[in-house]
Amino acid sequence: MRWRTPPRSGGLGVAAMSYVAVDYLRHLSPTWHARLQPALWSVLALIAVSRVPYYRHWSAEFRSALPFVASMVFMLLALLFEALSVRSVTAVLGLDWHRETSPLPDTGQWLLLASNENLPQTIVNILRAPIIGLHHFLMLFMMLAFSVLFDSVKAPGLGLGARYMFTMAIGRLLRAITFASTILPSARPWCAYARFRVPAYPHRWAQKYYVPYASDADAIRKIINLDIAYADTGSYLGEYRPDWGAMSFLIDFLRPTASEGSSWYSLLKKAGGGCNDLMYSGHMLVAVLTAMAWTEAYGGLSSVFVWLLVMHSAQREIRERHHYTVDCIVAIYVGILLWKMTGFIWPPKDARRDRRLSKLEKIQSRLIQAAKDSDMDRVRELLKEVEVSSQEKSSGRSSKWVMWVFPCATIFSALTIVLLAFTWTSDG
């Protein structure tokens, strides 16, 4: 007996390309974009909702609900730690250092500038075009997860979402630890002045352990030999210290100013991105995880399309100097490796298939005998036993009431997450 995998139609790939194309209209024709984008999302949402009554894997989704919620909480905590680190690596050195320090030499930037001189202008314009951004990759993953309703992707969709967020959380934690370990100057020297209101001078930690030994060769040689911060830095300038209660330990890391309010949480909410959170790129991590999920769960030519979008996004990060080339390269292989390491979360083992095989082994002799006797009724009866045995445990013990409320709550929550993700990340 042969068990077929879910069919792979081209509908998901067409929907993905349509979404990217319609969203790009905001740069070509804002009027048509304002008309077509709400229409496209409404159609996609209605199609998804219409499939809910026919979806057969709600019990599997129910079992994946707890890992999904746990992964979401883990990711939110990781993003909070990352947000604290993003401001800290800029604040500790002060605004003057960021304005005066030159960017690092980047051969990837040189190659892109050279390609502008040698490639046809049409290709250069395509490479420069803002075709894809962070929110696009998040939306592409949402579309991938919703496609379980059409059996285009292996259920459960919440399991796929749990793996995506869990992997994202690990990647974000590793990223924050990495860029906080060694502070690199931004490829955009004006970035810190444009985004942060931290003091212009270095924090007392940097004044003691970095500034005296930053450029003088003799001072560097001496501190290597002595292995102690020997320079007399004098008295330190006072800084604004609001009353943050139990969170006051964050003051030395965030270096707030009086004009930014008295809440550490509102301070983080005002951030519009970082400047020195470079190694490795968070945008590229999201892009690569989306491409890896798409390739493994759906595959086909549409996965090639998603990877081309990843490559386009990478060269734009370098071209527009949001990141150095090394930041994007490291993000690509870290994202690939992390996704490979979290395969234990999704896809799940096919328990129904295992039960079928186990039952077939038990009735094998009777099935062969019935076939020899040409007793087709007996063959059908035995095969029906196999099918019934595979469904005995998959139905679960949940009440009908729970299994009716859960799909409604799941779809409503998922659509809400889509709306919030689209709203909060639409500016990149």
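**Figure 1. Arg255, a buried arginine in a loop.** At 1% relative accessibility, Arg255 falls under the 20% cut-off and so counts as buried in this predicted model. You'll find Arg255 in the loop that runs between helix 12 (251-254) and helix 13. Its backbone is worth a look too: phi sits near 50 degrees, which is a positive value in a residue other than glycine. Arg255 also turns up on the contact list of Gly94, and that glycine gets the next panel.

**Figure 2. Gly94 and the residues around it.** Gly94 belongs to helix 4, which covers residues 94-100. Buried or exposed? With a relative accessibility of 0%, Gly94 counts as buried. Once neighbours within four places in sequence are set aside, the residues in contact with Gly94 are Pro199, Ala200, Tyr201, Pro202 and Arg255. His203 is worth picking out as well: 109 residues separate Gly94 and His203 in sequence, yet their C-alpha atoms are 7.0 Å apart in space.

**Figure 3. Helix 7 against helix 14.** Here we zoom in on helix 7 (residues 134-146) and helix 14 (residues 282-297), whose axes lie 9 Å apart and make an angle of about 25 degrees. Angles under 35 degrees count as roughly parallel, and therefore these two helices are roughly parallel to each other. The crossing of helix 7 past helix 14 is left-handed. Which residues of helix 7 meet helix 14? On the helix 7 side they are Leu134, Phe137, Leu138, Leu140, Phe141 and Leu144. Facing them from helix 14 are His283, Val286, Ala287, Thr290, Ala293, Trp294 and Ala297. Sorted by class, this contact has 11 nonpolar residues, two polar ones and no charged ones.

**Figure 4. Helix 15 against helix 16.** This view shows helix 15 (residues 301-319) and helix 16 (residues 325-341), with axes that come within 8 Å and cross at roughly 150 degrees. The angle is over 145 degrees, so helix 15 counts as roughly antiparallel to helix 16. Helix 15 makes a right-handed crossing as it passes helix 16. From helix 15, the contact takes in Trp307, Met311, Ala314, Glu317 and Ile318, and these meet Thr325, Cys328, Ile332 and Ile336 of helix 16. By class, that gives seven nonpolar residues, one polar and one charged.

**Figure 5. Arg321, in the loop from helix 15 to helix 16.** Staying with the same pair of helices, Arg321 lies in the loop between helix 15 and helix 16. Phi of Arg321 is near 60 degrees, and that's a positive value in a residue other than glycine. How does Arg321 count in terms of accessibility? At 32% relative accessibility, Arg321 counts as partly exposed, because that category covers values from 20% to 50%.

**Figure 6. Two serines of helix 3.** Ser85 is found in helix 3, which spans residues 58-91, and Ser59 is in helix 3 too. Ser85 has a relative accessibility of 9% and counts as buried. Leaving out residues up to four places away in sequence, Ser85 touches Ala176 and Phe179. Ser59 is buried as well, with a relative accessible area of 19%. Where does Pro156 sit relative to Ser59? The two are 97 residues apart along the chain, and 8.9 Å separates their C-alpha atoms.

**Figure 7. A pair of cis peptide bonds.** Pro156 shows up again here, as the partner of Ala155 in a cis peptide bond with omega at about 5 degrees. Pro156 has its place in the loop between helix 7 and helix 8 (157-181). Met279 and Tyr280 are also joined by a cis peptide bond, and omega there is about 5 degrees. Tyr280 is in the loop between helix 13 (264-269) and helix 14.

**Figure 8. Zooming back out to the chain.** The secondary structure comes to 19 helices and zero strands. The chain has 428 residues, of which 43% count as buried. Looking at contacts with a separation of 6 or more, 79% come from residues 24 or more positions apart. As for the surface, the chain exposes about 23600 Å², and carbon and sulfur atoms supply 64% of that.

Definitions and conventions:
Residues numbered from 1 in each chain as written. Predicted model: local features only at pLDDT ≥ 70, side-chain atom pairs only at ≥ 80, totals over all residues. Heavy atoms only, no water. Axes fitted to C-alpha atoms, helices over the stretch in contact; angles between N-to-C directions. Helix = DSSP H or I, 4+ residues; strand = E, 2+ residues; numbered from the N terminus. Parallel < 35°, antiparallel > 145°, perpendicular 65-115°, else oblique. Left-handed = near helix turned anticlockwise from the far one by under 90°. Contact = heavy atoms within 4.5 Å. Nonpolar A, V, L, I, M, F, W, Y, C, P; charged D, E, K, R; others polar. Buried < 20%, exposed > 50% of the residue type's maximum accessible area, 1.4 Å probe, protein only. Areas by Shrake-Rupley, 256 points an atom, 1.4 Å probe, with all protein chains shown as cover.
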